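Student: I would like to take a close look at a single part of this structure. Could you please guide me through its salt bridges and the surroundings of the residues that form them?

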Amino acid sequence: MEKPKSDHKNEPKPPSRGLQCEDVPRVRNVLLRAICAVYLLAFVSFYCQAEGLYGETGILPAHRILRNGTLKERLNLLQLGPFIGLGGAGHAAIDLLCLIGAAVAFLGLISRSYCRLLSFIVMWTLYFSLVQVSQSFRQQADHLLLEAGFLCILLAPTRLTDGRNPMEDIALLLLKWLVFRFMFASGSVKLASGCPLWWSLDGLRRHYETMPLPTSYSWYTYQLPEAFHRLSTIYVYLSELVVPWLFFAPNRVVRRFALVWHVFLHANIIGCGNYGFLSPLVLTLMVTLLDDDDKLLLKLLRDNPGTTNSGNSGVERRTRGGVVRNQAEPNNDSDRIGNRIVKVIGVLMVVGSWIIFGIGFSSSEDGYLTFKTNFSKDQYLSVMPVMLLAAPLLVFGLLVRKFLKLLSFQDTVGSLAEGARQFTKNLGLLISTIVAFTVFFMSIVPHSRLLPSTAISSPVMTRAYGGLHSLYVVNQYGRHLTKMRPVRREIILEYADDLNGTWQEYGFDYKPWTVERTSSLPYAGLYFPRFDFKFYDAAASKLDAQKWFYPMVLRLLQHQLPVLDLFDGHHVPFKAPRFIRASLYQFSYTTSPTKDTVDGAFWERNRLGDYFSVFSLDAAHLQEKLKQIGYWTTGETETAQSWNWLLRWLLDAVRRFVSTIEGSYLVTGLLMAALSLNYSLLK
């Protein structure tokens with residue numbers, strides 16, 4: 001009797017040894033999709049301001065860098081503009097890079113099929129080219145995105161059929177190390193700087209008033225009792241100095257606790273200030289704190305199965321022994337232990353904060369909370385070197401462990417063809433491993449610089465770090481809040497046609513400039529207004545330290561529309577003014593929105609003096625300053641022309657359409673469209 005033929009197509013193939021423990025790489029997929037969303041925010045925000053900032057008649061034309069910058073700055077995709085007919089000194093090539101990057105990011109956000117290695121190489125290369133020409137308007141968020149984007153290149157799969165990337169665990173650990181460095185640096189420098197506001201626990205309340213681009217939520221939070229602000233400052237210290245160590249905890253419940261803690265922190269940061277995509281990027285990196293079978297992640301993927309490698313939520317998992325088991329059922333013993341550890345950590349943080357920061361109650365009838373920091377700066381600085389050394393040692397140990405685990409699960413070779421494929425795979429793995437360990441060792445250099453006493457002085461390490469930092473692959477963080485500003489100062493631009501006439505003010509979209517309630521604390525959402533943001537730095541420095549200010553004045557005197565579009569369109573002149581000046585004001589929050597204020601204003605302002613005196617188009621002082629910084633006007637730009645009229649027409653048409661939409665509405669609309677498409681494709 002003939003035996004029935006078995007249907008080999010329906011039999012599950014035994015997994016290769018290197019992937020035996022693998023099922024659906026959910027953390028990888030969610031993180032890559034989220035990084036695409038952040039890239040989308042970054043590209044669109046850059047695009048909306050590119051013409052006014054970097055166009056031919058913009059403040060800092062990109063061709064200045066492409067022609068006269070360093071070799072590193074001239075190695076830029078924008079140099080290819082003339083080869084596709086987008087020559088000249090205009091913004092067309094920048095527009096093209098932004099639109100391509102936004103399109104790739106949008107596709108990656110709506111479909112896992114586009115979250116591939118090639119996509120992340122393209123997005124990183126495009127954004128690196130844009131950041132290269134951003135000049136004075138480059139921000140910390142750009143550095144963090146480029147560093148995270150480079151590590152995602154190590155994480156992303158090459159082909160759609162790929163399961164888990166052999167480098168996945170190492171890449172995820174480096175991303176976790178990145179977010180640890182960012183958070184720990186943000187906290188450590190606050191106390192190390194010796195700023196009295198941070199030491200007295202008044203820094204956060206002052207920050208609500210003096211942050212770069214505050215919102216109305218910031219004003220309302222500022223009105224809360226003093227004890228609340230001091231407790232909030234302690235919460236920030238715990239968030240940046242204590243909780244980041246839990247990122248590396250072996251128990252997933254402990255890591256989940258750290259994630260939830262920071263979600264609350266960054267939700268408040270997004271509400272308080274217009275930092276654009278910075279906080280969403282930090283939260284994206286914290287996805288690395290989850291496991292593939294974490295209950296939070298599984299719940300998310302049940303609601304949105306398109307982020308997995310299969311059409312379902314992927315709750316079944318193949319173990320090393322080939323046995324399929326349901327991972328939706330939590331590891332009860334591990335979770336119970338984790339819950340107990342979290343409770344202990346919570347109690348220790350409360351008790352430790354109570355003792356270290358001297359929390360008590362006053363002897364008066366009110367019984368309000370009192371605070372007294374029970375440690376000195378010297379004591380703090382004596383502990384910091386140990387923490388700065390312990391962190392990279394811990395991560396290095398974890399890296400070595402994951403690398404050895406990776407080596408122990410290599411596939412066996414059964415034929416010559418399999419040997420060739422294995423050799424190619426191992427060669428790529430070797431290169432990726434060398435890159436990963438190089439990035440890690442170089443990241444120790446900026447991490448050690450958080451204190452002068454711990455900075456690495458090795459010439460070899462510093463030169464190697466400088467090379468990677470020039471590509472923004474490794475960067476230093478934490479310098480943005482070292483010393484809190486005691487008062488808020490704002491630069492107000494004014495124009496007039498007569499020196500003795502009435503001076504009118506230029507309006508801003510997001511920067512505080514008026515006491516009118518409806519225009520004084522706008523909310524940009526996830527849109528990053530880098531032009532308004534830059535005035536925050538300028539207000540704390542002298543005019544000569546802000547080289548971009550003179551070109552901006554020139555463009556305003558020339559009445560260049562791309563630059564005027566960076567301002568509030570309702571408060572700009574209809575024709576070119578003859579004179580421009582800048583005044584320096586002190587802004588202070590009002591204590592009540594309804595009493596003793598103009599129409600319930602959020603701000604009170606007092607003029608402190610001139611930021612710069614009157615400039616006119618033919619002012620010798622202005623012309624001299626422009627020559628000193630190597631700035632030339634439109635007539636001195638390169639003469640290459642754009643012969644690709646069709647592409648130029650399409651780019652101009654897109655810009656005309658997009659310019660009618662306010663930036664924050666545009667990025668919000670695109671994100672909502674991506675989520676809607678994602679949902680509709682899954683129905």
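Tutor: A salt bridge is a side-chain nitrogen of Lys or Arg within 4 Å of a carboxyl oxygen of Asp or Glu. With that in mind, please note that the model before us is predicted.

Let us begin with helix α11. In this predicted model, the side chains of Glu226 and Arg230 form a salt bridge, with an N to O distance of 3.2 Å. Glu226 and Arg230 are 4 residues apart in helix α11, so about one helical turn separates them. Glu226 is partly exposed, because its relative accessibility is 47%. Arg230, by contrast, has a relative accessibility of 17% and therefore counts as buried; the cut-off for buried is under 20% relative accessible area.

Arg230 has a further partner. It forms a salt bridge with Asp202, where the closest N and O atoms are 3.0 Å apart. Arg230 belongs to helix α11 (residues 226-242), while Asp202 sits in the loop between α8 (196-199) and α9 (203-210), so this pair ties together parts that are 28 residues apart in sequence. Asp202 has a relative accessible area of 23% and is therefore partly exposed.

We may now turn to another pair. Arg255 and Asp291 form a salt bridge in which the closest N and O atoms are 2.6 Å apart. This pair links distant parts of the chain, since Arg255 lies in helix α12 and Asp291 in the loop between α13 and α14 (295-303), 36 residues apart. Arg255 is buried, with a relative accessible area of 7%, whereas Asp291 is partly exposed, at 26% relative accessibility. Elsewhere, Glu51, Asp95 and Arg655 are joined into one network by salt bridges that share partners.

The loop that holds Asp291 lies between α13 and α14, and helix α13 itself deserves attention. Of the 8 residues of helix α13 (residues 278-285), 7 are buried, so this helix is largely enclosed by the rest of the structure. The buried residues are Leu278, Ser279, Pro280, Leu281, Val282, Thr284 and Leu285. They pack against α1 (26-54), α6 (140-155), α7 (168-192) and α12 (252-272). Helix α12 thus appears twice in this account: it packs against the buried residues of α13, and it contains Arg255.

Finally, the pairs described here belong to a wider set: a search of the whole structure finds 20 salt bridges.

Methods. Residues numbered from 1 in each chain as written. Predicted model: local features only at pLDDT ≥ 70, side-chain atom pairs only at ≥ 80, totals over all residues. Heavy atoms only, no water. Buried < 20%, exposed > 50% of the residue type's maximum accessible area, 1.4 Å probe, protein only. Helix = DSSP H or I, 4+ residues; strand = E, 2+ residues; numbered from the N terminus. Contact = heavy atoms within 4.5 Å.
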